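Biologist: Could you take me through how helix packing and charged pairs are read from a model?

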Amino acid sequence: LESYCIAASNAWGLLVLTVLMGFGLVGVPRHIWRLACPKEQLQRLYISAVTKDELRLSRVFDLQDSMDKVRTELARCGASDDPETAQAYAYLSSTLGKCEAL
């Protein structure tokens, strides 16, 4: 039984080594080859830049929607007699102004 376990673990190790080494032997030169061609690399960067810009615009629109909700809620609640609540509204208005500056 002990010899079968040793043989099985050895076979498993060799299989994993073969798979990982095969990927490394192919993957590293492929990566270097892709880095050597500036035209293809620039094309990939253009695609990446477009997707990142779309994500940025989506986040800006989400921020604007959130600011509209906060502005509506501030106008609805109005001023309060409680000094802590008034201070919280002042902080919230200040934060809203800083977000609008973005």
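Modeller: We will go through a helix pair, then the salt bridges, then a single residue.

Modeller: This is a predicted model, in which local features need pLDDT of at least 70 and side-chain atom pairs count only at pLDDT 80 or more, while totals for chains, interfaces and linings use all residues. Residues are numbered from 1 along each chain as its sequence is written, and side-chain values use heavy atoms, with hydrogens and water left out.

Biologist: At what angle do helix α2 and helix α3 pack, and how far apart are their axes?

Modeller: Helices are DSSP runs of H or I with at least four residues, numbered from the N terminus, and their axes are lines fitted to C-alpha atoms over the stretch in contact, with angles from 0 to 180 degrees between N-to-C directions. Here α2 (residues 38–77) packs against α3 (residues 83–101) at about 150°, and the axes lie 11 Å apart. The two helices are therefore roughly antiparallel to each other, a term for angles over 145 degrees.

Biologist: Which residues of α2 and α3 meet?

Modeller: With contact taken as heavy atoms within 4.5 Å, M67, V70, R71, L74 and C77 of α2 meet Y89, L92, S93, L96, C99 and E100 of α3. Sorted by class, this contact has eight nonpolar, one polar and two charged residues.

Biologist: How many salt bridges does a search of the whole structure find?

Modeller: Side chains of opposite charge can pair when their charged atoms come close. A salt bridge requires a side-chain nitrogen of Lys or Arg within 4 Å of a carboxyl oxygen of Asp or Glu, and the search of the whole structure finds two. In one of them the side chains of R56 and D53 meet at 3.0 Å, N to O, and both residues lie in helix α2, three residues apart, about one turn of the helix. D68 forms a salt bridge with R71, where the closest N and O atoms are 2.7 Å apart; these residues are likewise three apart in α2, and so separated by about one helical turn.

Biologist: Is R71 buried, partly exposed or exposed?

Modeller: Buried means under 20% relative accessible area and exposed over 50%, with partly exposed in between (1.4 Å probe, protein chains only). R71, at 35% relative accessibility, counts as partly exposed, and its partner D68 is partly exposed at 38%.

Biologist: Where is Q64 placed, and how far is Q64 from E100 in space?

Modeller: Q64 is in helix α2. Its C-alpha is 8.2 Å from that of E100, although the two residues are 36 apart in sequence.

Notes
Parallel < 35°, antiparallel > 145°, perpendicular 65-115°, else oblique. Nonpolar A, V, L, I, M, F, W, Y, C, P; charged D, E, K, R; others polar.
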